[in-house]
Amino acid sequence: MRVLAIALLGLTLASASVFKEEEYQMLFGKWMSQYNKKYSHDSFFYRYTVFKQNMDKIFLANKQNHSYTLGMNLFGDMTHEEFKAQKLGYKHVERPFARKVLTKPITSTIAAPTAVDWCAKGACTPVKNQGQCGSCWAFSTTGSVEGLTFIKTNSLPNLSEQELVDCGGSTGNQGCNGGLMDYAFEWIIQNKGITDETSYPYKAQDGTCKKSGKKNVATISGYTDVPANNEAQLLSAVAVQPVSVAIEADQACFQFYSGGVLDDASCGTQLDHGVLAVGYGTDSNKKYWKVKNSWGASWGEKGFIRMIRDKNQCGISLAASYPTA
């Protein structure tokens, strides 16, 4: 979905940061139609005002000639605070003892390839959408287990995030109120596996754990934490399989990311979102991570984002982990 982004850049501005009112109105109408947005009389003008502010923010950022671009998307009527409250969900927990036990430096006599894309290899299910539920941790978890299962069996399951949301509280996760990928790995191990999306479909809300009518379709024996703040070790891990990572995703550069290699100092290390590192490569001499998100395919590069490597962009190397067979 790039229609609005292209139109946005092509419009004539009335001033340095403000569009003409009729241009705002035209784009807001198209945006509402594209994303099937409907408002009450009382909320319409407030959402219109937020949309206008976000359009200005996007245009001004793109004028700075970054290595990435922003574009209007499904979050166009959300304030920064609303976006943070609704679309994230990773609950960072300091686990120094556990990470010390679980962290294993990756050693190999075989050099990692210069580029990897696990999705191109068939190890990724289509991009999913967590909706207004802080379940990103569940999507990151299923993504890495799906990838490992494909590598082991050459068969790609579509695993159930809802089972983790409803049933994973026993190991410390909190459903739509957030969680941790390592805790989800622990639950899968204790449960002797996880079921698929067909047997336990996603509802984007907390529910009661379903005990019957399902069977496990994927299993793991353990999981490993990648040494923190070490992108060389993270690269070695991603060269072998998709890896669950935590990032800070609460900045405008993430909310309205449209394409390119994200290289932005405003994206810090206050980890609040779980995603999946599915590869790496180089574009115009910029080394990047390829990351699968869970905000639907209309966000970013068809649901993916490329993030600059070797700068710990958005804290990507601080809490990475992956399941083991």
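Start with the largest nonpolar core of this predicted model, a set of 55 residues. Select Leu234 and Phe254, the residues with the most contacts inside this core. Then add helix H3, residues 41-62, which gives the most to the core, with six residues.

Next, centre on Phe254 and display its surroundings. Leaving aside residues up to four places away in sequence, Phe254 touches Ile247, Glu248 and Ala249. Further contacts of Phe254 are Leu262, Asn293, Trp295, Trp299, Ile305, Met307 and Cys314.

Apart from the largest core lies another core, of 30 residues. To find this second core, select Cys136, Val165, Leu271 and Ala319, which are among its members.

Keep Ala319 selected and add His92. The two C-alpha atoms are separated by 8.7 Å, although His92 and Ala319 are 227 residues apart along the chain. Where does His92 lie? His92 is in the loop between helix H4 (80-87) and helix H5 (96-102). His92 counts as partly exposed because its relative accessibility is 38%, and partly exposed covers the range between under 20% for buried and over 50% for exposed.

For the last stop, select helix H2, residues 21-34, and pick out Gln25 within this helix. Is Gln25 buried, exposed or partly exposed? With a relative accessible area of 47%, Gln25 is partly exposed. Finally, draw a distance from the C-alpha atom of Gln25 to that of His80: the separation is 21 Å, for two residues 55 apart along the chain.

How values were computed. Residues numbered from 1 in each chain as written. Predicted model: local features only at pLDDT ≥ 70, side-chain atom pairs only at ≥ 80, totals over all residues. Heavy atoms only, no water. Core = buried A, V, L, I, M, F, W, Y, C linked by side-chain atoms within 4.5 Å. Buried < 20%, exposed > 50% of the residue type's maximum accessible area, 1.4 Å probe, protein only. Helix = DSSP H or I, 4+ residues; strand = E, 2+ residues; numbered from the N terminus. Contact = heavy atoms within 4.5 Å.
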